[in-house]
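Hi everyone, thanks for letting me take a few minutes today. Have a look at the structure on the screen, and I'll walk you through a few spots.

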Amino acid sequence: ETDLRPGLRRLAAAGGATPFMAYAFAFRLLLHRYAQGPRVAFGTPVSTRAHPAAEAMLGYFLNPVVVCAPLDEQVDVVEALRDFSREMRDALAHAASPFDEVAGHLSPPRQRGRHPLFQAMFVYQEAGPGPRLGDARLEPVTLDLGASKFDLTLFVTETADSAEVAVAVEYRADRFEAVWMNGLLDHYETLLEGLAEWREGPLSELPLLRGEEDDRLGALAEGPRLTEGPRALLPEQIRNQARRQPRDPAVVCGGELLSYADLEGSAGAVARELAARGVRPGDRVGLFLPRSPELIAGIVGCHWAGAAYVPLDPSYPPARNRAVLE
């Protein structure tokens, strides 16, 4: 696979950003595309080992920082990254502020099972050889905690001794499905590829979909394609469908349902009755019926008798129905 890191590092340098900010920028753009909002907040954990003595200490020295950078997709990619990096640096400058104090000061509305300031977390880390404790070397171990702390957490891990960039996602299963999350990872990878290969132009030109997915959605937007050549008329299509799938629902109206077999039987009875009463192809038949399965059967029956139906709705003013009859 193509190593995206050189291209992302070049882009980061052009935008005055770090590789971490470039990956976070892609995540911010992904959230923007999904949420379609100018401001989408996400969190990122930051190490607070500012004091040299803390570097060698064991323990949890991470503090979540909230990033709420605005995004305008009409801005040039490099300029947008430069603006984003400034917002990130402003947020990181307050990394030592305890998150509980920040949340308490802002006093956002609290909901059980929902983070107060953001629902999406971005985690970036550079994987390298583990630290040593004497002759013992520590290595990270991935643990499945069985629960997600946030609605969505995206993990990006760069391995120092290879071109591999590992991307993983953790999410709440009661909010998202696995197939949707797989699509999110594909979209994030597509954005990274676009950023790594980018030269100049606005953010809006960065692709989110791969060619195959783009073609599929384009085909759905265009609607079904009609086959060329002669097509069966409606009466014949209904007959054919009744032969193929007689039990399938043909008409649903409130609590009533007619299968294709039922519709064929009712419409056939109407056609035979019309023929018995002297209706011939080209005649016009008035249908004085409300919207109902019987109305559909009457319309189809008129077609089968070769006649044209004329709607006479009981809800119409009587004067209008009389005018139509005349």
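I'll go through a helix, a proline, a surface patch and the cysteines.

Before that, keep in mind that this is a predicted model.

Okay, helix 2. It runs over residues 19–35, so that's 17 residues by the definition of a helix used here. From its first C-alpha to its last it reaches 24 Å, close to the 24 Å expected at 1.5 Å a residue. Is helix 2 mostly buried or exposed? Well, 14 of its 17 residues are buried, so the rest of the structure largely encloses helix 2. Right after the helix comes Q36, and its phi is positive, near 55 degrees.

Next, P45, which sits in strand 1, residues 42–47. P45 counts as partly exposed, because its relative accessible area is 26%, which lies between 20% and 50%. Now, which residues does it touch? Leaving out residues up to four places away in sequence, P45 touches L62, N63, P64, M121, F122 and V123. Take P64 from that list: P45 and P64 are 19 residues apart along the chain, yet their C-alpha atoms are separated by 4.2 Å.

Over to the surface. V141, L143 and L145 form a nonpolar patch there, with about 370 Å² of accessible area together. You'll find V141 in the loop between strand 5 (136–137) and strand 6 (152–159), and V141 is exposed, at 66% relative accessible area.

Last, the cysteines. How many disulfides does a search of the whole structure find? Zero. As for two cysteines, C253 is partly exposed, with a relative accessible area of 28%, whereas C302 is buried, at 1%.

Terms used
Residues are numbered from 1 along each chain as its sequence is written. This is a predicted model: local features need pLDDT of at least 70, side-chain atom pairs count only at pLDDT 80 or more; totals for chains, interfaces and linings use all residues. Side-chain values use heavy atoms; hydrogens and water are left out. Helices (H or I, at least four residues) and strands (E, at least two) are DSSP runs, numbered from the N terminus. The expected span of a helix is 1.5 Å times one less than its number of residues. Buried means under 20% relative accessible area, exposed over 50%, partly exposed in between (1.4 Å probe, protein chains only). Patches are made of residues with over 30% relative accessible area and no salt bridge: like charges are joined within 9 Å, nonpolar side chains (Val, Leu, Ile, Met, Phe, Trp, Tyr) within 5 Å. Accessible areas come from the Shrake-Rupley method with a 1.4 Å probe; for residues, only the protein chains shown count as cover. A salt bridge is a side-chain nitrogen of Lys or Arg within 4 Å of a carboxyl oxygen of Asp or Glu. A disulfide is a pair of cysteine sulfur atoms within 2.5 Å. Contact means heavy atoms within 4.5 Å.
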